[in-house]
Amino acid sequence: MLVDDLKAIVGEKGWSVDADELAPHLTEWRGRLRGETLVMVAPNTTAQVSEVVKACAAADVAVVPQGGNTGLCGGAIPDASGQQVLLSLARLNSIRRIDPNDSSIIVEAGCILADVQQAARNVGRYFPLSLSAEGSCQIGGNLSTNAGGINVLRYGTAREQVLGLEVVLADGTVWHGLRSLRKDTAGYDMKQLFVGSEGTLGVITAATLKLYPDPGKTATLFVALPTANGAVQLLARMRKRLADRIQAFELISERCLQFVVRHIPDSALPFGKDYPWYVLCEVIVGDSVTEIESALADTLEDGLISDAIIAKNKGEADRFWRMRHSLSEAQKPEGASLKHDIAVPIGSIGEFLERGDSLLAHMSPDARLVAFGHVGDGNLHYNVSQPAGADGGRFLADGIKLTSAIYELVAELGGSFSAEHGIGVLKKEYLRQYRGGAEVTLMEAVKTALDPKNTLNPGKVI
Ligand SMILES: Cc1cc2nc3c(=O)[nH]c(=O)nc-3n(C[C@H](O)[C@H](O)[C@H](O)COP(=O)(O)OP(=O)(O)OC[C@H]3O[C@@H](n4cnc5c(N)ncnc54)[C@H](O)[C@@H]3O)c2cc1C
């Protein structure tokens, strides 16, 4: 019987059917989806992952890979049938090798992102991928969703950090592609096919990742602005003066900080009063902040910004970033929310926000916009919280019309309806709508070629 075979493969500590233990693994982060499973297995070697996948394929049973379960599209949650196997990568979490001279690190898929950042710091290097869920999301999940985060502006997304991969394919075969080459033109670049594939093409078991020089001293700036468009102009001005020394440039709306102050202990408005928009920015400074001060003074004089603070010390910088990283957490207690993780060309951010406001005012005037995002990538979290005290379920059901209108606006501006979180199950229909025709046909052909029995995370993405 399959379950007994799986238990034998992973050993006593490597499986669970206990309801309490399974509960956090069967619910999506926002609680929007709940699944069931035949058994959860947690192998601790690549060989065990291979045996598990092979046994499931032979029995025609679906495997759902799961990392930290912080994904926001339901990709890591099994369906409601109770017939799928949940494959947790949490115990496959060793750092296999770190080589400062080669500026690379080989990590297993279950390594927590924050632990990889720390391992890099321990040898005087820097791993730039950084997002609010970094204390629990895993490298395998980051790669499978092509995660972005706050440092994409300077370093690119997860995709750009990968030099090689080790992947268990649908029939259990292990592809050993853990190279650390910066140049390699030998055939198709297979590793990139698995990045962003949300567990539908293979199970990532390990990755070779790029490390960077320690960026050295940085300054953290909190800037208040009268308009969101001002943030786009501010970024352009700062880039002109500081070039690629800007590491992160995050736009935050007034309501976001109000929610943080309301729900996150020990937080306070940075300026002691509200402003319509803020930018939280991190800049590599070298020895002096004079150049940054003078860049800010110019923009203050022009009225582009309303006020600015440069964090006095690491404690204050950490406090500012804690506020940014708490935005999703602070939105939770405010009830149901529609999350739109969109991208538009950077020059269209102002127009998108202006026209989005009109849509909201017209379609759901009492709903509360909670907008924040990564200006330098044109990626905004255009989230909408339910009206205070409203019925959350009804708001989500009615919200489909608002979501469609927002995605139409995004498409008109040449953007993407999914810029960071992937497709999972929650955005499948939009993939067909906005990437249909040749693009989805190609995706289906790839899926069929790599997973002909459709046992790897079926029902997700396409
Ligand atoms: C508070 C908060 C803030 C966030 N901020 C950001 C952000 O700034 N940028 C961003 O991009 N995302 C963000 N996210 C979304 C989420 O953290 C990322 O998508 C993250 O990369 C998911 O990693 P995970 O380990 O939790 O993956 P999971 O949620 O466990 O899985 C995600 C998908 O990857 C698949 N998968 C997981 N591991 C593997 C593997 N080893 N092999 C094959 N498939 C696998 C799963 O089947 C699923 O389809 C945020 C989420 C939260 C809760």
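1. A crossing of two helices is called right-handed if the near helix is turned clockwise from the far one by less than a right angle. That term is needed below for two helix pairs of this structure, which is a predicted model.

2. The protein chain is divided into four parts, listed here from the N terminus: domain 1 (2-88), domain 2 (95-213), domain 3 (218-329) and domain 4 (336-421). Between the C-alpha centres of domain 2 and domain 4 the distance is 30 Å. Domain 2 gives 6 residues to their contact, and domain 4 gives 6 residues as well. On the side of domain 2 that touches domain 4, the residues comprise 4 nonpolar and 2 polar, with no charged residue.

3. A ligand is surrounded by 37 residues, of which G67, G71, G75, G140 and G141 come nearest. Both domain 1 (2-88) and domain 2 (95-213) contribute to this shell, with at least three residues from each. By class, the shell holds 21 polar, 13 nonpolar and 3 charged residues.

4. Which elements each supply at least two residues of the shell around the ligand? They are strand β3 (63-66), helix α5 (139-144) and strand β10 (203-210). The largest share, 4 residues, comes from α5.

5. Helix α8 (residues 228-242) packs against helix α10 (residues 290-301) at an angle of about 145°, and their axes are 11 Å apart. The crossing of this pair, α8 and α10, is right-handed. On the α8 side the contact involves L234, R237, M238, R241 and L242, which meet E291, A295 and T299 in α10. Sorted by class, the contact of α8 with α10 contains 4 nonpolar, 3 charged and 1 polar residues.

6. The helix α8 also packs against helix α13 (residues 349-363), here at an angle of about 170° and with the axes 8 Å apart. Why is α8 described as roughly antiparallel to α13? Angles over 145 degrees count as roughly antiparallel, and the angle of about 170° between α8 and α13 therefore makes this pair roughly antiparallel. From α8, the residues A228, N229 and V232 take part in the contact, and from α13 the residues I349, G350 and L353. The contact of α8 with α13 has 4 nonpolar and 2 polar residues, and no charged ones.

7. Helix α13 has a further partner in helix α14 (residues 392-412): their axes come within 10 Å and cross at roughly 155°. This angle makes α13 roughly antiparallel to α14. The crossing in which α13 passes α14 is right-handed. The residues in contact are F352, R355, G356, L359 and M363 of α13, together with K401, L402, A405, I406 and L409 of α14. By class, the contact of α13 with α14 divides into 7 nonpolar, 2 charged and 1 polar residues.

8. Taken together, the helix packing described here links α8 to α10 and to α13, while α13 packs in turn with α14. The shell around the ligand, by contrast, draws on domain 1 and domain 2, with α5 giving the largest share.

Terms used:
Residues numbered from 1 in each chain as written. Predicted model: local features only at pLDDT ≥ 70, side-chain atom pairs only at ≥ 80, totals over all residues. Domains from an automatic or database assignment. Contact = placed C-beta atoms within 7 Å. Nonpolar A, V, L, I, M, F, W, Y, C, P; charged D, E, K, R; others polar. Near = placed C-beta within 6 Å. Axes fitted to C-alpha atoms, helices over the stretch in contact; angles between N-to-C directions. Parallel < 35°, antiparallel > 145°, perpendicular 65-115°, else oblique.
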